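Colleague: Could you take a close look at a single part of this model for me? Pick one residue and walk me through its surroundings.

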Amino acid sequence: ARNRVFDFLSRLYHAPLTKSLNLDDLELTRIPWYVFELTGLTQLSLARNKIATIPPGIRTLGPSLTSLDLSHNRLCSIPLDLRFLTKLEDCVFTGMEMEFVPKVIRMAGVKIMLRFI
């Protein structure tokens, strides 16, 4: 699986115009740094990995990212840096036990959730 990830990410590094990126089911423990270089990215899926934290670099995707899937990872709270994703319309957090975030807020939609944080 790691060889497949590195091969894919190597190709990705050379594709700065990427608009949609699916990194599901790769057993990632963190978001690869070069994802944050894809400043035109509109859709990012990181579902079913082992990600426990979202780094501040996520802010660089703020002007373009409209959809983010973080479902079935190891996050225990909504990352505060998501508030910088001003274009975000769809954000998925299912499959995680999140502390400090009432379920009603998580289910209310991304705009309400971002106001909460």
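Modeller: One cut-off first, as we'll need it: a polar contact is a pair of N or O atoms within 3.5 Å, and within protein one must be able to donate a hydrogen and the other to accept it. Keep in mind too that this is a predicted model.

Let's go for Asn 22. The side chain of Asn 22 comes to 2.9 Å from the backbone nitrogen of Asp 24, and that distance sits within the 3.5 Å limit for a polar contact.

Where does Asn 22 sit? You'll find Asn 22 in strand E1, which covers residues 20-22. For the wider setting, the protein chain has three helices and four strands, and along the sequence they run α-β-β-β-β-α-α.

Now the company Asn 22 keeps. If you skip its neighbours within four places in sequence, Asn 22 is in contact with Phe 8 and Ser 45. Ala 47 is worth a glance as well: 25 residues separate Asn 22 from Ala 47 in sequence, yet their C-alpha atoms are 8.4 Å apart. Across the protein chain, 29% of the contacts with a separation of 6 or more join residues 24 or more positions apart.

As for cover, Asn 22 counts as partly exposed because its relative accessibility is 49%, and that class lies between under 20% for buried and over 50% for exposed. Over the protein chain, 43% of the 117 residues count as buried. The chain exposes about 6900 Å², with carbon and sulfur atoms supplying 55% of that area.

Note on methods: Residues are numbered from 1 along each chain as its sequence is written. This is a predicted model: local features need pLDDT of at least 70, side-chain atom pairs count only at pLDDT 80 or more; totals for chains, interfaces and linings use all residues. Side-chain values use heavy atoms; hydrogens and water are left out. Helices (H or I, at least four residues) and strands (E, at least two) are DSSP runs, numbered from the N terminus. Buried means under 20% relative accessible area, exposed over 50%, partly exposed in between (1.4 Å probe, protein chains only). Contact means heavy atoms within 4.5 Å. Accessible areas come from the Shrake-Rupley method with a 1.4 Å probe; for residues, only the protein chains shown count as cover.
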